[in-house]
Amino acid sequence: MEETIEELRKELKTKRVGMDDPLVDRDGFPRAELDVHGIRILRNKIIRKTNDHQAIMGKLEEYMFKYHELLKKEGEARSNQKKKIAQNVVKDRVIELHKKLLEENPSMTKAEALQKALDTVKREAEAKTKKLGTENGSKDKKLEDPLEQFKAMDSFLLVAKVWPGSPAERSGLRLEDTVVKFGSVNKANQNSDSLKQIVMHSEDKPIEVVIRRKGELVRLVLTPRKWSGQGLLGCYLKPIH
């Protein structure tokens, strides 16, 4: 769809006008040197295609956010399950050692045997952790950074102003941050209307924003919404050329 929109824009340029150029003269009559009817048809097509595209992108952003939230919840559930399993394993090991110590040392009290069992399990866990750390140290360094895919991408917007109390400020956006990705828009696919359309179709819906701050990439979630100031974001994003 993006290619179709771009082709329509190129066709419009061949008619020597853009989306906002007037089609009538000072007296209100159609400009004789222009194909007014053809231009209006092209403009309507561009507007419809752009609206359709942004509606799709808005839905995609919403579904992606929900998908990431679901993954997060599933990850937390799995983590809790693993903790319970680990706790049961440790408990069984302590009981096993405690019983064995009492059998091998009849003079040892239950409290002494329990303390010794706990100390033994602790040493075993530390040794295992150290061994795993040594074996997997190099693998840990190679674990994929969720922001790795954005490191080679250039910023295309500069945060020139953030109004206090605005949705932008609440999201964590700061002055001098540069935007690498705003929803589905990045430097490679941006155009003059893409950002405006995403914001317009995402009111009260979260948008993933990846920014570069002092050389480091940061992921934020910005939700466009009405507030006491103008617009839905409350910030001024200046294009970077």
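Visitor: Before we look at Ser155, what does buried mean here?
Guide: Happy to start there, and please keep in mind that this is a predicted model. Relative accessible area decides the label: over 50% a residue is exposed, and the range in between is partly exposed. Buried means under 20%.

Visitor: Is Ser155 buried or exposed?
Guide: Ser155 sits in the loop between helix H3 (110-141) and S1. Its relative accessible area is 12%, and the cut-off for burial is under 20%. Ser155 therefore counts as buried.

Visitor: Which side chain makes a polar contact with the side chain of Ser155 at 2.8 Å?
Guide: Leaving aside neighbours within four places in sequence, Ser155 is in contact with several residues, including Val180, Lys187 and Ile240. The side chain of Ser155 makes a polar contact with that of Arg212 at 3.0 Å. The polar contact at 2.8 Å is with the side chain of Thr178.

Visitor: How many helices and how many strands does the protein have?
Guide: Along the sequence, the pattern runs α-α-α-β-α-β-β-α-β-β-β. Counting its elements gives 5 helices and 6 strands.

Visitor: Which residues touch the most other members of the largest nonpolar core?
Guide: That core has 20 residues. Elements that each supply at least two of its residues include strand S1 (157-162), helix H5 (194-200) and strand S6 (235-239). The residues touching the most other members are Leu173, Val179, Phe182, Val209 and Leu237.

Visitor: How many residues are in the second, separate core?
Guide: Leu12, Val17, Leu42 and Ile46 are among its members. The second core has 9 residues.

Visitor: What does Val209 touch, not counting residues up to four places away in sequence?
Guide: Val209 is one of the residues that touch the most other members of the largest core. Its partners also include the charged-residue names Lys181 and Arg219. The full list is Val179, Lys181, Phe182, Val218, Arg219, Leu220 and Leu222.Visitor: Where is Glu176, and what is its phi?
Guide: Glu176 is found in the loop between helix H4 (167-171) and S2. Its relative accessible area of 55% makes it exposed. Although Glu176 is not a glycine, its phi is positive, at about 80°.

Visitor: Is Lys214 buried or exposed?
Guide: Lys214 lies in the loop between S4 and S5, and its phi is near 55°, a positive value in a residue other than glycine. Its relative accessibility is 86%, and the cut-off is over 50%. Lys214 therefore counts as exposed.

Visitor: What share of the residues in the protein is buried?
Guide: The protein has 241 residues. Buried residues make up 31%.

Technical notes: Residues numbered from 1 in each chain as written. Predicted model: local features only at pLDDT ≥ 70, side-chain atom pairs only at ≥ 80, totals over all residues. Heavy atoms only, no water. Core = buried A, V, L, I, M, F, W, Y, C linked by side-chain atoms within 4.5 Å. Buried < 20%, exposed > 50% of the residue type's maximum accessible area, 1.4 Å probe, protein only. Helix = DSSP H or I, 4+ residues; strand = E, 2+ residues; numbered from the N terminus. Contact = heavy atoms within 4.5 Å. Polar contact = N/O pair within 3.5 Å; in protein donor to acceptor, adjacent residues only side chain to side chain.
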